[in-house]
Amino acid sequence: MVASSPVLTAQGKVVESYDTCCSVLSQLGEEIPELIPLELVERMVPETLHMYGQVNEWISKKMEDKNIIAIAKFYTTIATAAYFCKPPHMVAYFICKTVRLSLQHGVCQYTPLALVQISFIASRFDTASFTL
């Protein structure tokens, strides 16, 4: 199941990929809401960017917990799948979750993509009308 989500996404089966990520993330103790309120994301993006501002202290810290690394992997994959089948603010939510995991626990192989994605969100973020 771990490898199947990226394969499903690559095959264009984004809903199946999304559902698989939700299932795995739930089994790993994460709560994935069915619907994510826009207001939550409007608060979450600036908070995540503020956390990102503390990068100097964080950059040398390596993520060690294999469970957290697996969660980061699935948040990265679910963000990609959500891009194709969910509203833009849900994509931002999953990207923020990945970035926050990295900021809280250290860097891992999924951190660079998450940082690129949050940079894209930051460049497009407008609280008046959330768009990506």
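Let's start at phenylalanine 94. Leaving aside residues up to four places away in sequence, Phe94 touches Tyr18, Ile32, Ile36, Tyr75, Ile78, Ala79 and Ala82. One caution before I go on: this is a predicted model.

Where does Phe94 sit in the bigger picture? It belongs to the largest nonpolar core, which has 40 residues. Phe94 is among the residues with the most contacts inside that core, along with Tyr18, Tyr75 and Ile78. Which elements build it? Two or more residues each come from α2 (14-27), α3 (38-52), α5 (66-85), α6 (88-105) and α7 (111-124).

Now step back to the whole fold. The protein has seven helices and zero strands. From the N terminus on, the order is simply α-α-α-α-α-α-α. The radius of gyration is 14 Å, close to the 14 Å from the globule rule for 132 residues, so the protein is as compact as a globular protein of that length. Along the principal axes, the C-alpha atoms fill a box of roughly 40 × 35 × 25 Å. Of the 132 residues, 44% are buried. Look at the contacts between residues at least 6 apart in sequence: 75% of them join residues at least 24 apart.

Next, one helix up close: α3. It has 15 residues. From first C-alpha to last it reaches 21 Å, close to the 21 Å expected at 1.5 Å a residue. Which of its residues are buried? Val41, Met44, Val45 and Thr48. What do they pack against? The buried residues of α3 pack against α6 and α7. A reminder on helix geometry: an α-helix has 3.6 residues a turn, so residues three or four places apart point the same way.

On to charges. How many salt bridges does a search of the whole structure find? Two.

Take glutamate 47 and arginine 100. Their side chains meet in a salt bridge at 3.1 Å, N to O. Glutamate 47 lies in helix α3 and arginine 100 in helix α6, so this pair ties together parts 53 residues apart in sequence. Are these two buried or exposed? Glutamate 47 is partly exposed, at 42% relative accessible area. Arginine 100 is buried, at 17%.

Then there is glutamate 30 with lysine 97. Their closest N and O atoms are 3.6 Å apart. This salt bridge also links distant parts of the chain. Glutamate 30 is in the loop between α2 and α3, lysine 97 is in helix α6, and they are 67 residues apart. Lysine 97 is partly exposed, with 21% relative accessible area. The cut-off for buried is under 20%, so lysine 97 does not count as buried.

Last topic: cysteines. A disulfide is a covalent bond between the sulfur atoms of two cysteines. How many does the search of the whole structure find? Zero.

Why is cysteine 22 not in one? Its closest cysteine sulfur is in cysteine 21, 7.3 Å away, and that is too far for a bond. The cut-off for a disulfide is 2.5 Å between sulfur atoms. Cysteine 22 counts as buried, at 15% relative accessibility.

Cysteine 96 tells a similar story. The closest cysteine sulfur, in cysteine 108, is 16 Å from its own, again too far for a bond. Cysteine 96 is buried as well, with a relative accessible area of 0%.

To wrap up: seven helices and zero strands, a largest nonpolar core of 40 residues, two salt bridges and zero disulfides.

Methods
Residues numbered from 1 in each chain as written. Predicted model: local features only at pLDDT ≥ 70, side-chain atom pairs only at ≥ 80, totals over all residues. Heavy atoms only, no water. Core = buried A, V, L, I, M, F, W, Y, C linked by side-chain atoms within 4.5 Å. Buried < 20%, exposed > 50% of the residue type's maximum accessible area, 1.4 Å probe, protein only. Helix = DSSP H or I, 4+ residues; strand = E, 2+ residues; numbered from the N terminus. Contact = heavy atoms within 4.5 Å. Expected span 1.5 Å × (residues − 1). Salt bridge = Lys/Arg side-chain N within 4 Å of Asp/Glu carboxyl O. Rg over C-alpha atoms; globule rule 2.2 N^0.38 Å.
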